[in-house]
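Student: I have a model open in front of me and would like to learn how to read its pockets, ligands and backbone. Could you walk me through it?

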Amino acid sequence: MDLLDVKTINEAVNLQVKVMEEIPLKKKILLETKNSLGYILASDLVSRDDLPSFRKSTMDGYAIKYKDSQGASDTIPTILRIVEEIEMGFEPKCRIENGEASKIYTGGMLPEGADSVIPIEFTEKFSNDLISINKPIVFMDNVIDIGEDSSKGDLYQRSGKIIDPETIAMAASLGYDKIEVYDKINCKIISTGDEILPVSSELYPAKTRDINSYMLYSLLNSMGINVVSMKHLKDDKEIIRKELLEDIDLIIVSGSSSKGKKDFIPFIAKDLEPGLIYHGVSIKPGKPTSLSLNNKTIILGLPGNPISAYTVFKCVFQKAYNRYYNIEDSLKIKCRLVRNIHAKSAKTLIQLVDIERREDELIAIPIFGFSNNISLLKKVRGYILIDEYSEGLRENEYVWVSLIK
Ligand SMILES: Nc1nc2c(c(=O)[nH]1)N[C@H]1C(S)=C(S)[C@@H](COP(=O)(O)OP(=O)(O)OC[C@H]3O[C@@H](n4cnc5c(N)ncnc54)[C@H](O)[C@@H]3O)O[C@H]1N2
Ligand code: MOO
């Protein structure tokens, strides 16, 4: 790896965004809202109407003028005359005047003149057309006003959101039966290494189960990326080269990225057109990361160590992807650090942490260990970036933690 070629974390992110913009990867499509789960919203969801569009009751009861309930009690109930039973889904026919009430159901439309709903449990049927009420209520009690949920023109959801069931419910309420989304990009995952075994396999000496394919598969899925295939390849330059030539949006390769004699990815990429964009990011872990382009296919080379692959994926690949699609970055929260973190290398340190609540504050607990040990992921809730000029962080310092979960 040519040391002069090593990029900072920001440069690596910027280069990936630039590549994505130049291809360009974004393609808007119109999709049935109910089938849009997991896609990225491509245009803002804006309220087309006032919601609700009518004054809506939140209780089964009687629509009244609230002033008629003033002073009502068990001992001195107020008597009101029933003028109508309002049918669900229909406009009321009668206006409410002083001393009058209309039977109404939850979700029903308030009649003209009424300004509140007295729940059925605070009333008693006196006769066919009379009720007594025994509790005072206030103006707009048990009523949702027009536009209270949202007003016409309100921004409900900015584009760049990975669509979740909540977004789908909102879109439905606004009358969007179809929504604009970005077409999912297609990705192939390759894990390399003669020592890698299928997950279903028993363990043999010197062998390791394929963690990275499964990890990447689920990370990609959660971001709205379509994983078309997952392949394990032997450390064979020609086999790997052939697989890198496929015309697809994205190929993510784990392993074969460092200095071992079988670490082919950057070397193969040099012969592609336009070829290697960078090899090496000054981060720890994750230095032997590479980005290449073959025609319009992005090739991301991740380190084989699972924790390194994970942190690079989160802090470089996903960061750039989010920026490109305008997806909000994860929240950062301030925590008290419970242990010193030494950062003696001239690289940006990506420190995974667990977060706990202790009394009334949040604390960050660094997760130390070798990046080959997958059990480090057990407690991961976030990470801290410590820049390359820092000597580290001290116990009890307050630090910003980017949330992972
Ligand atoms: N002399 C040097 N050696 C190494 C350096 C270096 O700078 N000089 N960098 C180290 C760092 S940092 C990393 S990270 C690794 C990256 O190496 P590779 O990307 O070439 O990955 P491999 O050698 O293939 O594997 C490393 C490690 O990870 C395990 N692995 C690989 N793939 C998977 C998988 N799909 N699932 C689970 N585990 C996997 C593999 O068995 C190895 O144990 O290089 C260091 N060496
Ligand atoms: O980059 Mo290695 O990825 O430090 O473990």
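Tutor: Gladly! Let's begin with a term: a molecule sits in a pocket if more than half of its atoms lie within 2 Å of the pocket's grid points. Here, in what is a predicted model, ligand 1 sits in the second largest pocket.

Student: Which elements give two or more residues to the shell around ligand 1?

Tutor: They are strand β16 (208–209) and the helices α3 (211–222) and α6 (306–325).

Student: And how many residues surround ligand 1, and which are the closest?

Tutor: A residue belongs to such a shell if one of its heavy atoms lies within 4 Å of the molecule. For ligand 1 there are 21 residues, and the closest are E195, D210, S257, G304 and N372. By class, that shell has 5 nonpolar, 12 polar and 4 charged residues.

Student: How do I look for polar contacts to the ligand?

Tutor: Look for pairs of N or O atoms within 3.5 Å. Start with I211: one of its backbone N or O atoms lies 3.0 Å from a nitrogen atom of ligand 1. Next take S256, where a backbone N or O atom lies 3.4 Å from an oxygen atom of ligand 1. Finally, a backbone N or O atom of G304 lies 2.9 Å from an oxygen atom of ligand 1.

Student: What share of the area of ligand 1 does the protein bury?

Tutor: Taken alone, ligand 1 exposes 870 Å², and the protein buries 67% of that.

Student: Let's turn to the pocket itself. How much space lies in the second largest pocket?

Tutor: About 470 Å³. Its lining is made up of 28 residues, and those closest to its centre are E195, G255, G304, N305 and N372. The elements that give two or more residues to this lining are β14 (186–192), β16, α3 and α6. Sorted by class, the lining of the second largest pocket has 6 nonpolar, 16 polar and 6 charged residues.

Student: I also see another ligand. Where does ligand 2 sit?

Tutor: Ligand 2 sits in the second largest pocket. Around ligand 2 you will find P285, G286, K287, P288, P303, N305, S308 and S371. That shell divides into 3 nonpolar, 4 polar and 1 charged.

Student: Which side chains have a polar atom 2.5 Å or 2.9 Å from an oxygen atom of ligand 2?

Tutor: Two serines. A polar side-chain atom of S308 lies 2.5 Å from an oxygen atom of ligand 2, and for S371 the corresponding distance is 2.9 Å. The backbone takes part in the list as well: a backbone N or O atom of K287 lies 3.2 Å from an oxygen atom of ligand 2.

Student: Now for the largest pocket. What is its volume?

Tutor: The largest pocket has a volume of about 770 Å³. It is lined by 30 residues, and Q318, N322, E328, D329 and S330 are the closest to its centre. Elements giving two or more residues to the lining are α1 (9–22), α3, α6, β27 (382–386) and β29 (398–403).

Student: Which element gives the most to that lining?

Tutor: Helix α6, with 6 residues. As for the chemistry, the lining of the largest pocket divides into 13 nonpolar, 9 polar and 8 charged residues.

Student: Last topic, the backbone. What should I look out for?

Tutor: Most peptide bonds are trans, and most residues other than glycine have a negative phi. That gives you two kinds of exception to look up.

Student: Where are the cis peptide bonds that join L51 and P52, and E273 and P274?

Tutor: The bond between L51 and P52 has an omega of about -10°, and P52 lies in the loop between β3 (45–46) and β4 (56–57). For E273 and P274, omega is about 0°, and P274 lies in strand β19 (residues 274–279).

Student: And what is the phi of N142?

Tutor: N142 has a positive phi of about 60°, although it is not a glycine. You can find N142 in the loop between β10 (130–133) and β11 (143–144).

Methods: Residues are numbered from 1 along each chain as its sequence is written. Chains are lettered from A and ligands numbered from 1 in the order in which they are written. This is a predicted model: local features need pLDDT of at least 70, side-chain atom pairs count only at pLDDT 80 or more; totals for chains, interfaces and linings use all residues. Side-chain values use heavy atoms; hydrogens and water are left out. A polar contact is a pair of N or O atoms within 3.5 Å; within protein, one must be able to donate a hydrogen and the other to accept it, and residues adjacent in sequence count only if both atoms are side-chain atoms. Accessible areas come from the Shrake-Rupley method with a 1.4 Å probe; for residues, only the protein chains shown count as cover. On a 1 Å grid over the protein atoms alone, a cavity is a set of points where a 1.4 Å probe fits but cannot get out, and a pocket is an open set with protein on both sides within 12 Å along at least five of seven lines; lining residues have an atom within 4 Å of a point. Helices (H or I, at least four residues) and strands (E, at least two) are DSSP runs, numbered from the N terminus. Ala, Val, Leu, Ile, Met, Phe, Trp, Tyr, Cys and Pro count as nonpolar, Asp, Glu, Lys and Arg as charged, and the others, Gly among them, as polar. Grid points are joined across faces, edges and corners, and a volume is the space filled by probe spheres set on the points.
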